[in-house]
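Visitor: I would like to go through this model with you and ask, at each step, what a given term rests on.
Guide: Gladly; let us look at it together.

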Amino acid sequence: MGKKRIAFYTMGCKLNYAETSTIARKFSNLNYEHVSFKGVADIYVINSCSVTKNADLEFKYMVRFFMKKNAKSFIIAVGCYAQLNPKEISYIRGVDMVLGSEEKFKIIDYIHPIHLFKRYPAKIISKKTSSYFSSYSIGDRTRSFLKIQDGCDYKCSYCIIPMARGGSRSDSIENILKKIRFLFNKGIKEIVLTGINIGDYGKKIDGIHQQRFYTFFDLIQAIDKIKEKGRIRLSSIEPNLLKKECIEFLSKSKHFVPHFHIPLQSGSNDILGKMQRRYRRELYQEKVKSIRKLLPDAYIGSDIIVGFPGETHKHFLETFHFLKKLEISSLHIFSYSQRPNTRSITIKEKITKKIKWKRNKILRALSKKKYLSFCERQIYTKKTVLFENNSTNNEYLYGYTENYIRTKISSNPILKNTLQNVLLTEVDQDGIMIAKSIR
């Protein structure tokens, strides 16, 4: 029997990428050939997302795409959409198997060749998720996503993720340090710590219910002591969990780069209350000021939801003017998407698509202006860039500074997957910083 061709497609967050890579490695020593999801495969695995309705639609589109590639292919659904709505997915034409959040890590056990036949509806293997599975990405990338935490105990009224991922639980500090050393020794130059709520790190280690063994502060202190060389970057962290001592420690760190992504979601305290967020905008402002005081050149990104039920024009203006004054670097703007079984769907005052689109457009323009201003303040400063890939015409090599500025330099193959000291000289029309090497 020849090798089965298998392809993976990942939707959604950095955590999904870490988990897809971990799942894919399970096939490396077996009789499977890894191929691109754009090619023809015998088995396609889709690691799904369900944060928005658009994510659900993307999943269905990819199933149709794979069926056109190979109508006889065996399609497996994993991820948040698969955990939340297994029955719904099982009736999507083309899907043959649906694996829950725990079962996806045991995928090898469920795809014995004699079981790889088309079926309708799809076979569902899923239960409530509670275990912790360590994951990291590795491959051609110069950067690795390392999972340190999973699940969430927060009950934000718009969010479906706690239902898909379960309660907050974490890896041990010892295992995380072991993985970091392994990745740096494998040639990875930058590791991004990922999870659903990384600031809540330390709960339920080894599945012990609601016990906290460590804190996030304990973790970052331990990581900074490792001797291997490489950069560590944080993914998104809740403002109420980014403690003063953490900011102070990160400002002096030898491994952690000056990059923060702190979700705000709304600049109106009324809307933050309806969202059931655990802070008011004054606390958020205080965190930004603390970072700017200690790390003036740090990148500070944020998430904003527009069109949340009950968001009046006044509420939106509060958000706009709050953000305008705030010293952040850029924004990720999301239009509110109604998700089943969340409390926000019970709020009667719905916002039209047209108004959501207008508000989204206004904040995207503000974000672009803020990012350009942030970049311009960095001109003629010296930075360290991790160069990753060439442009399609091989004219430039691209990468990111420690404070997350997209940068390009005249192409030189020997610089790929290296950290280089550069001088930032100007911002091009696409918002990418042009740099030159410092010898």
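Visitor: What is the bridge partner of His-259 in β13?
Guide: In this predicted model, His-259 has Tyr-299 as its bridge partner in β13.

Visitor: What makes β12 and β13 a pair?
Guide: Two strands count as paired if at least two bridges are found between them; β12 and β13, the latter covering residues 299–306, are joined over three bridges in the parallel sense, so the criterion of at least two is met.

Visitor: Which strands does the open sheet contain, and in what order?
Guide: Three strands, paired in parallel, follow the order β12-β13-β14. The edges are β12 (259–261) and β14 (330–335), each of which pairs on one side only, and neighbouring strands are turned against each other by 15° on average, direction ignored. Helix α12, residues 353–376, lies across β13 and β14 and runs at about 170° to β14.

Visitor: Why is strand β7 described as largely enclosed by the rest of the structure?
Guide: A residue is called buried when its relative accessible area is under 20%, and because five of the five residues of β7 (residues 143–147) are buried, the strand is largely enclosed by the rest of the structure. Both of its faces are covered, with Arg-143, Phe-145 and Lys-147 buried on one side and Ser-144 and Leu-146 buried on the other. Strand β7 also pairs in the parallel sense with β10 (residues 190–194) over five bridges, and Ser-144 stands opposite Ile-191 in β10.

Visitor: Which residues have the most contacts inside the largest nonpolar core?
Guide: That core has 52 residues, and those with the most contacts inside it are Ile-180, Ile-191, Leu-193, Ile-223, Ile-291, Leu-323 and Leu-363. Helix α6 (residues 173–185) gives the most to this core, with six residues. Apart from it lies another core, of 21 residues, among them Ile-46, Val-63, Ala-77 and Ile-92.

Visitor: What does Ile-291 touch, leaving aside residues up to four places away in sequence?
Guide: Contact requires heavy atoms within 4.5 Å, and with those sequence neighbours not counted, Ile-291 touches Leu-242, Ile-247, Phe-260, Ile-262, Pro-296, Ala-298 and Ile-300.

Visitor: Why is Tyr-380 counted as exposed?
Guide: The cut-off for exposed is over 50%, and Tyr-380 has a relative accessibility of 62%, so it counts as exposed. Tyr-380 lies in the loop between α12 and β15 (382–390), and it has a positive phi of about 70° although it is not a glycine.

Visitor: Why, then, is Asn-417 called partly exposed?
Guide: Partly exposed covers values between the buried limit of under 20% and the exposed limit of over 50%; the relative accessible area of Asn-417 is 26%, so this residue is partly exposed. Asn-417 is found in the loop between β17 (406–410) and β18 (418–427), and here too phi is positive, at about 60°, although the residue is not a glycine.

Visitor: How do you know that the protein is as compact as a globular protein of its length?
Guide: The radius of gyration is 22 Å, close to the 22 Å that the globule rule gives for 439 residues, so the protein is as compact as a globular protein of that length. The protein has 12 helices and 19 strands, and buried residues make up 56% of the 439 residues.

Note on methods:
Residues numbered from 1 in each chain as written. Predicted model: local features only at pLDDT ≥ 70, side-chain atom pairs only at ≥ 80, totals over all residues. Heavy atoms only, no water. Helix = DSSP H or I, 4+ residues; strand = E, 2+ residues; numbered from the N terminus. Axes fitted to C-alpha atoms, helices over the stretch in contact; angles between N-to-C directions. Core = buried A, V, L, I, M, F, W, Y, C linked by side-chain atoms within 4.5 Å. Buried < 20%, exposed > 50% of the residue type's maximum accessible area, 1.4 Å probe, protein only. Rg over C-alpha atoms; globule rule 2.2 N^0.38 Å.
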